[in-house]
Amino acid sequence: MVKVLIVEDEEHARTGLTELIESWGYRASSASNGVEGLEKVIQWSPSIVVTDLKMPRMDGMMLLQRITDMPERIAVVMLTAQGSISSAVEAMRLGAFDYLPKPVDSVRLKSILQNATLQKETDVELEPVRRLAHDSGTLGSLVGSSPAMKAIFKLIERVAPSNVPVLITGESGTGKELVARALHDLSARRTKPFVAVNCAAIPETLIESEIFGHEKGAFTGAVERRAGCFELAEEGTLLLDEIGEMPAATQAKLLRVLEDRAFRRLGSKVETPIDVRVVAATNKNPQEAVENGELRGDLFYRLNVFNIQMPPLREHLVDVQAIAEKMIDDMNARHDCTVQGMSEELLAKLTAYDWPGNVRELRNTIERATILAGSGTIGIEHLPANFAEPGFSPLVRQTRNTRRPLTPGDPPQPYSPERRAEERREERMVSVEVGTTVDEAERQLILKTLQSTQNNKTRAAEILGISSKTLQNKLKEYSASMRTD
């Protein structure tokens, strides 16, 4: 029987919780304050501790800190008063497994205890995986033995067992979705669904339906009830990628779901409780996104209980060889090739390059080289022409807002995070002089938006708030005007 310790200073609440938890098949014991609770933790060794936040002598937060310092992992569930969400978030940041507002919802408490019990079993089962991560520098699909990647692995192992929201940040192509999958695979939710949704790829008019679902007749075209991502991810993990691209109104609804753990389908009057672990990712600087109004500050605070910052590949080039070797194995299986490895000249090229497109660019390079070689060893002859030389412009560089195209003979261009942020700010700005006509200002806005979306007309129309047909008509009008001129 799993041992559960209830630490609560109010006698009736303590007795009621103890009897309730025992009725579910757990072996329960209780303590009236934090000091007594700590003594019982040491003597009785429970697997789960359910503790009130505010208590005399030692409060729940101090008890949590003392428990997390112990060598054995114990799941701590924090009971908080209504309106103490910030305290609950802080508790989870310190290592609590989950929290529950008072008065206690027995259905949610039972679900939390079941999840905590499963996680205890998962920790034992996945211990070999953790040892492998330490010994070989591999955690799921993540590869790396550099100090930066070891720190990422350690943080993932610490955060994965809890239900705490996680915000994964980093440049495009650094492997943020791989981190989310590792968090899922190292948790008790690993046998349940992992659902990933790219908020930037869904039209603003459809994103709420995609995430929360809708009832039949909720809007024109809703011919039947549809389950949203939260329902599809029930008891599992939901990754909200590019969270900074989510409309402000949807962000507000998401915040409510995170706090109440219940959602409402479009067109429904009934709230549906959920048990979903939410992980968010963004390639933007979240603080800047909050300042620019792209990300709600309260939502950022709620998601940022734990932040996992993925480093750009140029900051851990020592991992390039191990990552590339893992990719070669993947590509051999995918494309029926028998490549055995890389030449020393190729490895030198790969480790000397700054990889502006990060791991995604490395993967594309290795996939191309593996297909071209087919077997044997990959050499520099299998790289794109002029790879890493001045003037080399792969797709990832062509999409940058550079002053002019790079040409042979130009010195290598440094590309710092500050320069990337500055270029993004420039891409979002449209300046017009006094005296510019409204039609000309409109034309500049449309063309600048198209440039920022790499000529993705559907996305540009969504940003501009016009239909794709209107955008097409405007572009035809500009094209005809240029021919006339």
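In which strand is Leu240 found? I began my notebook with that question, and the answer is β12, which covers residues 237-241. Before going on, I noted that this is a predicted model.

**Entry: Leu240 and its surroundings**

I checked whether Leu240 is buried or exposed. Leu240 is buried, because its relative accessible area is 0%, and the cut-off for buried is under 20%. Next I listed what Leu240 touches, leaving out residues up to four places away in sequence. The list holds Val197, Cys199, Ile211, Met246, Leu254, Val278, Val279, Ala280 and Ala281. I picked Val278 for a closer look: Leu240 and Val278 are 38 residues apart in sequence, yet their C-alpha atoms are 7.5 Å apart in space. I also looked for the bridge partner of Leu240 in β15, and found Ala280 there.

**Entry: the rest of β12**

I then went along the whole strand. Five of the five residues of β12 are buried, so I wrote it down as mostly covered. Which residues point which way from β12? Thr237, Leu239 and Asp241 point one way, while Leu238 and Leu240 point the other way.

On one pairing, β12 meets β15 in the parallel sense over four bridges, and Leu238 stands opposite Val278 of β15. On another, β9 and β12 run parallel and are joined by five bridges. There I found Ala196 opposite Leu239 of β12.

**Entry: the sheet that holds β12**

I wanted to see where β12 sits among its neighbours. It belongs to an open sheet of five strands with parallel pairing, in the order β9-β12-β15-β8-β16. Which strands stand at the edges? They are β9 (194-198) and β16; each has a single partner strand, so one side of each is left without a neighbour in the sheet. Neighbouring strands here are turned by 20 degrees against each other on average, direction ignored.

A reminder to myself on what holds such strands side by side: strands of a sheet pair through backbone hydrogen bonds, either parallel or antiparallel.

**Entry: β8 and its two partners**

I moved along the order to β8, residues 166-169. Val166 and Ile168 point one way from β8, Leu167 and Thr169 point the other way, and all of them are buried. I followed β8 to β15 (residues 277-282), where four bridges pair the two strands in the parallel sense. Leu167 stands opposite Ala280 in β15. Ala280 was already in my notes as the bridge partner of Leu240.

Then I followed β8 to β16 (residues 306-309), and again found parallel pairing over four bridges. Here the bridge partner of Ile168 is Ile308.

Which helix lies across β8, β15 and β16? I found α7 (residues 147-159) there, running at about 155 degrees to β16.

**Entry: another sheet**

I turned to an open sheet of five strands whose order is β2-β1-β3-β4-β5, with parallel pairing. I asked which strands form its edges, and found β2 (27-31) and β5 (98-101), each pairing on one side only. The twist in this sheet averages 20 degrees from one strand to the next.

Inside the order, I looked up β3 (residues 48-52) and β4 (residues 75-80): these strands run parallel and are joined by five bridges. Val50 stands opposite Val77 of β4. A helix is in contact here too: α1 (residues 11-23) lies across β1 (3-7), β2 and β4, and runs at about 170 degrees to β2.

**Entry: two helices that pack together**

My last look-up was α14 (residues 320-335) with α16 (residues 358-373). How do they pack? Their axes are 9 Å apart and meet at an angle of about 50 degrees, which makes α14 oblique to α16. I noted the crossing of α14 past α16 as right-handed.

I then went through the contact residues. From α14 they include Val320, Ile323, Ala324, Met327 and Ile328, as well as Asp330 and Arg334. From α16 they include Val359, Leu362, Ile366 and Ile371, along with Arg363, Glu367 and Thr370. The residues of this contact divide into ten nonpolar, three polar and four charged.

Terms used. Residues numbered from 1 in each chain as written. Predicted model: local features only at pLDDT ≥ 70, side-chain atom pairs only at ≥ 80, totals over all residues. Heavy atoms only, no water. Pairing = 2+ DSSP bridges. Axes fitted to C-alpha atoms, helices over the stretch in contact; angles between N-to-C directions. Contact = heavy atoms within 4.5 Å. Parallel < 35°, antiparallel > 145°, perpendicular 65-115°, else oblique. Left-handed = near helix turned anticlockwise from the far one by under 90°. Nonpolar A, V, L, I, M, F, W, Y, C, P; charged D, E, K, R; others polar. Buried < 20%, exposed > 50% of the residue type's maximum accessible area, 1.4 Å probe, protein only.
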